Amino acid sequence: MKRDDGLEPNLEDLTTTKNIRLEDLVDRDSLKEVITSFVNLFGISVRLFSSEGDLLADAVEQQEVCKVINEYPDGRAACTATISTVKHTVPDPTQDTVHPCFSGARYHIAAITYDGRYVGRIVLGPYLPAEVKELPGSLLTTVREAPPSRLQQLLPQMPRARVETVRNIAEHMRGILDLILFSGHKALLTSQMHLASVRESYRELQDKNQRLQDAYDKLKELDRLKSNFIATISHELRTPLTSIIGYSEMMSEGIAGSLTDEQLEFVNTIRDKGEQLLTLIMSLLDLSKLESGSLALVKSDVDIRKSLDDVVSLLKPNATKAGVQLHVDVPAALPTIRGDANRIRQAVLNLAENAIKFTPSGGQVSLSAKLAQQVLDDAEDDIGFALIAPTRSVIEIRVADTGIGIPENEREKIFTPFYQVDSSSTREYGGTGLGLSIVQRLIHAHDGKISVEPNHPKGSVFILKIPVDLDA
Amino acid sequence: MQLDFVSRELTIKLVYYGPALSGKTTNLQAIHGFSDEQTRGRLMTLETRDDRTLFFDLLPLRFRGEGDLSVRLKLFTVPGQVIHASTRRLVLQGTDGVAFIADSQLSETQNNARAFLDLKENLRFHGREMRELPLVIQYNKRDLPQTRSRDEIVQLAQKGREPVFTAIATQGVGVLDTFVALLHLTWLSLDAAHDLSGKFRFNSEALLQEVITRMGARGTIDQFLNARLGGQFEARRKESGQ
């Protein structure tokens, strides 16, 4: 499971102080503010260099005496040499370096360390040590041309401090820098760890997603195989079954000689059960075709009024036999819909058949259709839904009965293949448990919707909504 | 382990692992408290507002070492809470040794076991096996009521092969024993793998003695190692040497 694509962050690289650079951890502007406050406090100039010798920040008070020295070529050369030496002196981390200037002043050079490693240096100065009382000879010999009285007047203006005091200032500044470095390092680590953790969590999620996707692909493939299997088997079962039904029909018609009453009864039973089996097989075939998407709709302009009338005339004998009243209510002017007339009739027929089956004698079943507006509930945003919800024109077909009804918690499940509300009802009412799932798939194939509601005072209403402008 | 040939510097990484609130950070705080100024760096704690470790704690320690090699130790803790699984995995990466800090309270027995299995799983993620990792176990919080008895721990420890210590980290008790033993085991394992003592004339006894001294403690290395309730050091040495 270990990854070798180099994306995995390495904590060793994050926590090592080997590559820590002063300039990466501190903000130069803030650094300048800090050292300026030191200069304001002690009057001694401060320069801060990285371990490579780059100037990171400075707060320098130009000394009058230095200005005068720089007016003379010899003085300027000596001053430049001193400053260059000071700039390039790398101090011992355990002991500060004090570098003298020919003017009698001093520079204090202190190492900055972090986690025991040298990361840069502080240069304090120039300052005049307390013990320098007179103009030093080195100053007079370096700038011979300068009037000594002027130097005498200006040198004492340089900030005076004892070497010990300057060392304490350096120590104090080092302490503050250390704290800044630590905070900077900590912030850097925290943010990097944060990133690393997020990346790691993301990787974990991706792993999981991949596994889920694999499982999903496998299931889909299995599902396809199952549908194929059912289609093939159904087809193979149908062929011999047709012969069984055909021959038993011929026998019952006496083509092979007359039968006794008992023989006739047996043969009729064989034929009835054979037909029942054929219906089941046909349903299975339908379902598998619908599931695999291989059912082709033969589209034409469908007149719903005609479809419902067909259903009623087909079921009238059944209804009469069951003592159930069958009504149909369709307004005269109903637009046609673009769809497969046979399949829509099959769907309504199935629902109406069910309705009659589950309605006791004396009850009624009514079929109705009307033009309606359907609000699509798949709008992207629910803000302003009342204003922007998309709607479409649909033909709403309702099949209502006064039968036994469907409990609320069962209403979603009844469209599942082979599901029956009460398994004992199979024995009482017959049926394969495939009808509703086929109806649902047929309606979905028409981009429609099917739902079920309770009828008042009892029974159920199945509602089909099929869009009018299917091709628009 | 990182070996810098230019500066002759060896960096060893040790991780304090264990269930939430078992005292991993407290162990590091105690070690930080014991160490002298030259040895210790700042204890860096990346924590949440409620003082729970968010990412890790890091305590850097520096030792002069012996021979041609100076030694830096990086002591890490992992966040114990279950939700920080990915962070634990990151922190564990490339560790040279692990101190498992268990909570002695009876109520925590399950959490200890769970954290240990989590350690095992995360090691495996990095392609490593528990048996080849230098490991010491510490039963912390011995001062609390309702804890596993010492006899019970001794019995358990003698069955296992990794050294087991008891501790009260809040008082610093047992912290150094655990640390010294872990360092000892880790050294044996690193030396077996990289022949450090051969290449750098490094004397690990001297390092351990330096550690003990710089932590302001007294006593011989053996005194510290013998504070264990069970487990073996020699067995580890032989195995590592294979």
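**Entry 1: helix 7 of chain B**

I take helices, H or I of at least four residues, and strands, E of at least two, as DSSP runs numbered from the N terminus. I note at the outset that the model is a predicted one.

I looked up helix 7 of chain B, which spans residues 204–214. I found B:S204, B:L207, B:L208, B:V211 and B:I212 buried in this helix. Viewed down the axis of helix 7 of chain B, these buried residues fall within an arc of 135°, so they line one face of the helix. This spacing recalls a general point: an α-helix has 3.6 residues a turn, so residues three or four places apart point the same way. On the other side of helix 7 of chain B, I recorded B:E205 and B:T213 as exposed.

I then asked which elements the buried residues of helix 7 of chain B pack against. They are strand 4, strand 5 (70–77), helix 5 (175–194), helix 6 (196–200) and helix 8 (221–225), each in chain B. Just after helix 7 of chain B, I read a positive phi of about 70° at B:G216.

**Entry 2: backbone exceptions**

Most residues other than glycine have a negative phi, and most peptide bonds are trans. I therefore searched for departures from these two rules.

In chain B, I noted B:K141, a residue other than glycine with a positive phi near 65°. B:K141 sits in the loop between strand 7 (135–140) and helix 4 (150–159) of chain B. I also noted B:Q146, not a glycine either, with a positive phi of about 60°. The loop between strand 7 and helix 4 of chain B holds B:Q146 as well.

Is B:K141 buried or exposed? B:K141 counts as buried because it has 22 C-beta neighbours inside 10 Å, and the cut-off for burial is 20 or more. B:Q146 counts as exposed because it has 9 such neighbours inside 10 Å, where 12 or fewer is required.

In chain A, I listed two cis peptide bonds. One runs from A:G125 to A:P126, with omega near 5°; A:P126 belongs to strand 5 (residues 117–129) of chain A. Another joins A:H456 and A:P457, with omega about 5°. A:P457 lies in the loop between strand 12 (449–454) and strand 13 (460–467) of chain A.

**Entry 3: chain A, overview and a helix pair**

I counted 14 helices and 13 strands in chain A. Of its 472 residues, 26% count as buried. The mean pLDDT of chain A is 85, with 90% of its residues at 70 or more. Confidence in chain A is lowest in helix 13 (residues 423–429), at a mean of 55, and highest in strand 1 (residues 46–50), at 94. I set residues 1–7 of chain A apart, as their pLDDT is below 50.

I next examined helix 11 (residues 341–357) and helix 14 (residues 435–445) of chain A, which pack at an angle of about 145° with axes 9 Å apart. I recorded their crossing as left-handed. Among the residues making the contact are A:N350 and A:L351 of helix 11 of chain A and A:I438 and A:L442 of helix 14 of chain A. The contact residues divide into 6 nonpolar, 4 polar and 1 charged.

**Entry 4: the interface**

I found 20 residues of chain B in contact with 19 residues of chain A. On the chain B side, strand 3 (44–47), strand 4 (53–63) and helix 2 (85–92) each give two or more residues. Helix 2 of chain B provides the largest share, 5 residues. By class, I recorded 8 nonpolar, 8 polar and 4 charged residues on the side of chain B that touches chain A.

Definitions and conventions. Residues numbered from 1 in each chain as written. Chains lettered and ligands numbered in written order. Predicted model: local features only at pLDDT ≥ 70, side-chain atom pairs only at ≥ 80, totals over all residues. Contact = placed C-beta atoms within 7 Å. Nonpolar A, V, L, I, M, F, W, Y, C, P; charged D, E, K, R; others polar. pLDDT = per-residue confidence, 0-100. Axes fitted to C-alpha atoms, helices over the stretch in contact; angles between N-to-C directions. Left-handed = near helix turned anticlockwise from the far one by under 90°. Arc of directions from axis to C-beta.
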